[in-house]
Amino acid sequence: MATLLSRLGRFSARNRVAVIVGWIVLLGIFAVTALTGMRFSTGTFDVPGTQSSKALELLDSKFPNQHPDAKSLQLVVETPAGEEITSAQAREDIATATERISGIVRVSAVSDPFDPQQLFLSTDLTTAVITVALQDVKDSDVPSIETKMASIADDLRGDGYTAEVGNTLEGSVPEILGPSEIVGAVIAFIVLLLTFGSLVAAGANMGGALLGVGVGILGVLAASALSPIGSITPILAVMLGLAVGIDYGLFLLARVRLELRNGKNTEDAISRAVGSAGLSVVFAGATVVVALAGLTVVGIPFLGEMGIAAAASVIVAVLMAVTFLPAIASFAGRRLLPRREQKQRATATQTRRPRFLPAWISTIRKRPGLSFTGAAAVLIVVSLPVLSMATSLSTPGGEDPHSTQRAAYDLIAEKFGAGSQDPLVVLVEGDRRPVGTLTSEVGARIAKLDTVSSVIPSGTSGDGTVGRLTVISDAGPLAESTKALVHAIRDGVAPSGAHVVVTGATAIGIDSDERLRDALIVYVAIIVGLALILLIVLFRSILVPIIATVGFLLSLGAGLGTTTAVFQWGWFDSIVQAPQGNPLLSLLPVILTGIIFGLAMDYQVFLVSRMREAYVHGASPRDAVVHGFRESAVVVVAAAGIMAAVFGGFAMSPSSLVGSIALGLAAGVVADAFIVRMIIMPAALFLLGKSAWWIPNWLDRILPVVDVEGDSLSDKTHGPLVSVT
């Protein structure tokens, strides 16, 4: 593998124009295809196989055209204290508002809350709800519709009413790169510039990463022409593609610079770098790809789709590192080095490392036990908020607690009941008895259950085989009592010969959240097992992989704990732009698990493989840790700094989905790189000594050999794994 990559690097250097043009042409092809044919799916998250999902299919088939996908808004109007909504003046004001709404583009129908056939007035006669149906709404129509609805609500407020606009019209294409993300990329470039000390090297690194992100995301969007993708699918691909693209470029160019310092010509330096550091990039990238592709194992389509898209972006980043960057490096030559070194015939002794590294590792060597326990304790404390983590597939009333959408939802909940906006749909099928009789009996049984506000008969299917009930809970859709009610209906109200199922948005959310929780357990088990196998093969050790895997779990806990404290508890509200105070999105823990695992294995490979190499070549166990740390820790620091900058930029997104994922990744990266790999791992190796590298002889004989250092190359120069100064 090392030899093959070395040849690829040499080929890319010799054919640099063709390689660069080839990538640019590919970018253009993907861009044209994406802009002319990309499609986004219009549905919400779908978790197939749940009872509510199957029941929804039954509902659609037996009650066609009664489960429309048309978009709608609500205008909720409450009178001032002491006045009734049925007064002549209130009726006139609402009629005026209704007439104005009818004139808005794309509005197909406006309900009359005073119509006895569709009465929508609160029992205390203070609140009326106007339902606005819209059809054929385009993304370009949304700002105008929302502005006019807000203006009508403002005029009612001016007349003394409380008026809020409920529901929302969301565009299909998400914002992928906003101001905060760009700031994160700029910070990453500054880190590169400070790390390399060369504008050419930093520019080549960032340019390659940006081109890779462009190819990756446009490739994903181009693929949507064949099969529509979810609106949030591209976000993870951009976020992760940019971060790993910069990091993998850093690893590759750092090794090229080292080989140039060792006196090699440009082509030989590139060939050696791609054969050694490039092999580490390929292994690290493959680990991330496997973790992301593993999201398909949990059996949830939209989650698997996100994983595949992000994995494709990572693959592009790896290919850019081993082809495009060698081509760019062949143009730059010694200009990749700081200006003071460009005209010198350097030797390895000129490599300078940050002064803090020797002091850092020396402190850990003197007090390994204290370092290990102290660092682990910090991560455990940061992980504690996970104990109160709540998840949900969606947030009732919208994610922004200060929006008019949430205010409308809360006002309806207050006046019409907490469960009035999220009813349960109960379907009844019978084998022998008439379905009408069975439905009535089921309705009577449901009415006797705790927390049931009302049971409304909602008709029988055209073929007379399925009856429908609408059940209103006393509590909201996220309440534990509502979850208990769903299970109680499923388990205890079906008479003999009847089959009862529950669906509706609330039931779908409950089932999906439970399925994702179960999927997380399975996925963590898969990831932990994969980590142990990969690391045993790579390091030929038993204890090192166990410690590395425990470290990954601590990093994951820190990422989830930080996200819970900020987005659920509301910490740092003045800094974070996205709405806070809501349950975390159900898919967040699974996504963070996969990505943090991949990145943690990256840092483990780049740091500990150098320690093992020194040990295998004759250094004592403790000296090997010191030597490997001094040679490779700097790249972990630089890489983690870049990752944190990129993810930190996305964490400032106004979207709580994007922000929560990015913050979890940023916290997980910082915890893993600076605490687990830089403190816990070396401290554990100091404590274990020679036993850290023990492996049974029988296992050592059957394991494959992974030449992650590129020692099989004909040039047996054992320089440092990477050096960035």
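Guide: A strand here is a DSSP run of type E, at least two residues in length, and strands are numbered from the N terminus. The model is a predicted one.

Visitor: In which strand is the place of Val 110?
Guide: Leaving out residues up to four places away in sequence, Val 110 touches Thr 98, Ile 101, Ser 102, Ile 130 and Thr 131. Ala 525 is 415 residues from Val 110 in sequence and 52 Å from it in space, C-alpha to C-alpha. Val 110 itself belongs to strand S2.

Visitor: Which strands stand at the edges of the sheet, each with a single partner strand?
Guide: The open sheet has 4 antiparallel strands, in the order S2-S3-S1-S4. A strand with a single partner has one side left without a neighbour in the sheet, so the edge strands are S2 (107-110) and S4 (162-166).

Visitor: What is the bridge partner of Ala 109 in S3?
Guide: S2 pairs with strand S3 (residues 127-134) in the antiparallel sense, over 3 bridges. In S3, Ala 109 has as its bridge partner Ala 133.

Visitor: Which helix packs on the sheet, touching S1, S3 and S4?
Guide: The contacts are with strand S1 (71-78), S3 and S4. The helix direction makes about 110° with that of S4. The helix spans residues 404-416 and is H13.

Visitor: How many residues apart are Phe 120 and Phe 416?
Guide: The structure holds 7 aromatic pairs. Phe 120 and Phe 416 form one that lies 5.1 Å centre to centre, with 80° between the planes; over 60 degrees counts as edge-to-face, so the pair is edge-to-face. Phe 120 is in the loop between S2 and S3 and Phe 416 is in helix H13, and their separation along the chain is 296 residues.

Visitor: Is Phe 416 buried, partly exposed or exposed?
Guide: Buried means under 20% relative accessible area and exposed means over 50%. The value for Phe 416 is 22%, so the residue is partly exposed.

Visitor: Over the ring of which residue does the charged end of Arg 468 sit?
Guide: Arg 91 lies over the face of Phe 114, at 4.4 Å from the ring centre. The charged end of Arg 468 is 4.8 Å from the centre of another ring, that of Phe 63.

Visitor: Which helix gives the most to the largest nonpolar core?
Guide: The largest nonpolar core has 159 residues, and Tyr 248, Leu 303 and Phe 647 touch the most other members. The greatest contribution is 18 residues, from residues 301-332, helix H10.

Visitor: How many residues are in the other core, among them Leu 73 and Phe 114?
Guide: Leu 303 is in contact with Leu 295, Val 298, Leu 516, Leu 587, Val 590 and Ile 591, leaving aside neighbours within four places in sequence. The other core lies apart from the largest one. Its members include Leu 73, Val 77, Phe 114 and Tyr 161, and its size is 27 residues.

Visitor: What is the average twist from one strand to the next in the sheet S7-S8-S6-S9?
Guide: This open sheet has 4 strands with antiparallel pairing. Strand S7 (452-460) and strand S9 (498-503) are its edge strands, each pairing on one side only. From one strand to the next, the twist averages 25°.

Visitor: At about what angle to S8 does helix H14 run?
Guide: S7 pairs with strand S8 (residues 466-473) over 6 bridges in the antiparallel sense, and Val 452 stands opposite Ser 473 in S8. Helix H14 (residues 435-447) lies across strand S6 (424-430), S7, S8 and S9. Its angle to S8 is about 15°.

How values were computed:
Residues are numbered from 1 along each chain as its sequence is written. This is a predicted model: local features need pLDDT of at least 70, side-chain atom pairs count only at pLDDT 80 or more; totals for chains, interfaces and linings use all residues. Side-chain values use heavy atoms; hydrogens and water are left out. Two strands pair if DSSP finds at least two bridges between them. Contact means heavy atoms within 4.5 Å. Axes are lines fitted to C-alpha atoms, for helices over the stretch in contact, and angles run from 0 to 180 degrees between N-to-C directions. Rings of Phe, Tyr and Trp (its six-membered ring) pair if their centres lie within 6.5 Å; planes under 30 degrees apart count as stacked, over 60 as edge-to-face and the rest as tilted. Buried means under 20% relative accessible area, exposed over 50%, partly exposed in between (1.4 Å probe, protein chains only). A charge sits over a ring if NZ of Lys or CZ of Arg is within 6 Å of the ring centre and within 35 degrees of the ring normal. A nonpolar core is a set of buried Ala, Val, Leu, Ile, Met, Phe, Trp, Tyr and Cys residues joined through side-chain atoms within 4.5 Å.
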